[in-house]
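Trainee: I would like a close look at one part of this chain. Please start with a single contact and then work outwards.

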Amino acid sequence: MDLIEYKNRDTLFEGLADLIQQTLANFLEQAPTISIAVPGGTTPAPLFERLSRSDLDWSRVYVCLTDERCVPADHERSNFRLIKQHLGKNNAVNARFVKYHRGGSNPADCLKEGIKALSAAIPLDIALIGMGTDGHVASMFPNAEGLVKAFAPDAELLIEQSPPNMPENRITLPAHLLNSARMKHLLITGEEKKQTLLSAQMVSKFEMPVNAILAQTKVHWSA
């Protein structure tokens, strides 16, 4: 793990946006299409706004989610809807956004449709990952029943998860797929998440799943 600290959040979002843009541009010189996995949540929204203005051939870039709630893509709790709102505009409007499911909230359908859609974006070039204050990443939550499958080295491209005290099931990229990306970035803000990150290194990945993806990861933090 390489922890990079920024003086404020604007500097963090600007610096990370520039870094990802440069990396995508370099990778586009090496392959006809490339892919980036991104998190949901509100923290990365300013980063996506900046990335959307990047001068790239976005039509050759697959944008997929690190995880998704089993809700329709236009639902207010859909990560896909959030990503399209903040990244799917300006220069990035023509990016190849990977939608994991089309219809209802049946977890089996989400999983089947998601794996089929995601297969076009594999292998991952960049994994941009978020983390909760409990140490969860993607939809891998502490001590959840589905973690054994999510941590398995031969796991499917997407794994169903049933986080406790959540209103819907989720599907998530497994740890091995996130770790297979050519570049990994973990984006966190606030002192509480920094302390969570430091604590995670002292416990098992089942207690704090972020520990499963820290190896060779650049962590970008600001208070």
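Trainee: The charged end of R182 sits over a ring: which residue's ring is it, and how many Å from its centre?

Mentor: The ring belongs to F27, and the charged end of R182 sits 3.7 Å from its centre. Keep in mind that this is a predicted model. There is another contact of this kind. K194 lies over the face of W221, with 4.4 Å to the ring centre.

K194 takes us to helix α7. This helix covers residues 191-200, and its buried residues are K193, K194, T196, L197 and A200. Where do they point? They span an arc of only 160° around the axis, so they sit on the same side of α7. A general rule helps here. An α-helix has 3.6 residues a turn, so residues three or four places apart point the same way. Now look at what the buried side meets. The buried residues of α7 pack against three strands: β1 (2-5), β9 (183-189) and β10 (218-222).

Two of those helix residues lead on to V210. V210 touches L197 and A200. It also touches M131, G135, V137 and L186, leaving aside residues up to four places away in sequence. V210 matters for the next step, the core. The largest nonpolar core has 69 residues, and V63 and V210 touch the most other members. Helix α1 (residues 9-28) supplies the largest share of this core, with 8 residues.

Next, the aromatic rings. The count comes to 1 aromatic pair. F151 and F206 form it, edge-to-face, at 5.1 Å centre to centre and with 80° between the planes. F151 lies in helix α5 (residues 147-151), while F206 lies in the loop between α7 and β10, so the pair ties together parts that are 55 residues apart in sequence. The two partners can be told apart by their accessibility. F151 counts as buried, at 10% relative accessibility. F206 is partly exposed, with a relative accessible area of 33%.

Now step back to the whole chain. Its secondary structure comes to 7 helices and 10 strands. Buried residues make up 52% of the 223 residues. Take the contacts between residues at least 6 apart in sequence: 75% of them join residues at least 24 apart. The C-alpha atoms fill a box of roughly 45 × 40 × 30 Å along the principal axes. The radius of gyration is 16 Å, which agrees with the value near 17 Å for a compact globule of 223 residues.

Methods:
Residues numbered from 1 in each chain as written. Predicted model: local features only at pLDDT ≥ 70, side-chain atom pairs only at ≥ 80, totals over all residues. Heavy atoms only, no water. Buried < 20%, exposed > 50% of the residue type's maximum accessible area, 1.4 Å probe, protein only. Helix = DSSP H or I, 4+ residues; strand = E, 2+ residues; numbered from the N terminus. Arc of directions from axis to C-beta. Contact = heavy atoms within 4.5 Å. Core = buried A, V, L, I, M, F, W, Y, C linked by side-chain atoms within 4.5 Å. Phe/Tyr/Trp six-rings, centres within 6.5 Å; stacked < 30°, edge-to-face > 60°. Lys NZ or Arg CZ within 6 Å of the ring centre and 35° of its normal. Rg over C-alpha atoms; globule rule 2.2 N^0.38 Å.
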